[in-house]
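Please look over the model below before reading on, and keep it in view as each part of the chain is described. The report begins with a pocket and then turns to strands, rings and cysteines.

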Amino acid sequence: MTDNTIVFKSEDLQDCAKGLRFPLPALGEFTTGFVVRFHGKPYAYVNQCAHVPVELDWNEGDFFTVQKDYLICSTHGAHYRPDNGFCVMGPCKGRSLKPIAVIEQNHEIIINLASLKDSLK
Ligand code: FES
């Protein structure tokens, strides 16, 4: 792990199950990000709804709907596509979560925080 990367074990991220949260102090003392696995691939986002910047998860790490097909904001129910963060339903329909670059290699999930600068432009 460097200042710009966060690393998790691949085995700790199960498909369409609990996500893993991590701090994003560059965006504010209490700001977090999260990574989920969807149909085998990891996807990471800033943990802020595109409607009101509150955290999405209804219990810590619970980002998926009951059907496991979308990420859902626990506050007013916006639904986001897990694979690109696009809001398909809810008060921020048409907007998107802020993505964070993530790759998986050698049984590790590697989150690249340097990519955040681009996604926040
Ligand atoms: S704060 Fe997320 S849908 Fe309103």
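## The largest pocket

The largest pocket holds about 170 Å³ of space, and the structure in which it is found is a predicted model. The lining of this pocket is made of 11 residues, and those closest to its centre are Asn-4, Ala-26, Leu-113, Ala-114 and Leu-116. Sorted by the character of their side chains, the lining residues comprise 8 nonpolar, 1 polar and 2 charged.

## Strands S1, S8 and S9

Strands in a sheet are held to one another through backbone hydrogen bonds, and they may pair either parallel or antiparallel. Strand S9, which covers residues 108–112, runs antiparallel to S1 and is joined to it by 5 bridges. To find one of these contacts in the model, start from Thr-5, whose bridge partner in S9 is Asn-112.

Strand S8, made of residues 99–105, is also antiparallel to S9, and 5 bridges join the two. Here Glu-104 can serve as a landmark, with Ile-109 as its bridge partner in S9. The strands S8 and S9 form a hairpin with 2 residues between them, and Asn-106 lies in the loop that connects them.

## Two residues with a positive phi

Most residues other than glycine have a negative phi. Which value does phi take in Asn-106? It is near 50 degrees, a positive value in a residue that is not glycine. Asn-106 is also exposed, because its relative accessible area is 68%, and the cut-off for that word is over 50%.

Cys-16 likewise has a positive phi, of about 50 degrees, although it is not a glycine. This cysteine is found in the loop between S1 and S2. Is Cys-16 buried or exposed? With a relative accessible area of 13%, Cys-16 is buried, since that word applies under 20%.

## Aromatic pairs

The structure holds 4 aromatic pairs. In one of them, the ring centres of Phe-8 and Phe-22 are 6.3 Å apart and the planes stand at 50 degrees, so the pair is described as tilted. Phe-8 belongs to strand S1 (residues 5–9) and Phe-22 to strand S2 (residues 20–23), so this pair ties together parts of the chain that are 14 residues apart in sequence. Both Phe-8 and Phe-22 are buried.

Another tilted pair is formed by Phe-34 and Tyr-45, with 5.9 Å from centre to centre and 45 degrees between the planes. This pair also links distant parts of the chain, as Phe-34 lies in strand S3 (residues 32–38) and Tyr-45 in strand S4 (residues 41–46), 11 residues apart. Phe-34 and Tyr-45 are both buried. Which residues do ring pairs link into a cluster? They are Phe-34, Tyr-45 and Phe-63.

## The sheet of S5, S6 and S7

An open sheet is formed by 3 strands in the order S5-S6-S7, and their pairing is antiparallel. S5 and strand S7 (87–89) stand at the edges and each has a single partner strand, so one side of each is left without a neighbour in the sheet. The antiparallel strands S5 and S6 are joined by 2 bridges, and Leu-71 stands opposite Tyr-80 in S6.

The loop between strand S5 (71–72) and strand S6 (79–80) contains Cys-73. Cys-73 is buried, with a relative accessible area of 2%. The C-alpha atoms of Cys-73 and Trp-58 are separated by 7.4 Å, while the two residues are 15 residues apart along the chain.

## Cysteines without a disulfide

How many disulfides come from the distance rule? The count is 0 disulfides, where a disulfide requires two cysteine sulfur atoms within 2.5 Å. Why does Cys-16 have no such bond? The cysteine sulfur closest to that of Cys-16 belongs to Cys-87 and is 18 Å away, which is too far for a bond.

The surroundings of these cysteines can also be described by their accessibility. Cys-49 counts as buried at 7% relative accessibility, and, as noted above, Cys-16 and Cys-73 are buried too.

Technical notes: Residues numbered from 1 in each chain as written. Predicted model: local features only at pLDDT ≥ 70, side-chain atom pairs only at ≥ 80, totals over all residues. Heavy atoms only, no water. Buried < 20%, exposed > 50% of the residue type's maximum accessible area, 1.4 Å probe, protein only. Phe/Tyr/Trp six-rings, centres within 6.5 Å; stacked < 30°, edge-to-face > 60°. Helix = DSSP H or I, 4+ residues; strand = E, 2+ residues; numbered from the N terminus. 1 Å grid on protein atoms, 1.4 Å probe; cavity = no way out; pocket = protein on both sides within 12 Å on 5 of 7 lines; lining within 4 Å. Points joined across faces, edges and corners; volume = space filled by probe spheres on them. Nonpolar A, V, L, I, M, F, W, Y, C, P; charged D, E, K, R; others polar. Pairing = 2+ DSSP bridges.
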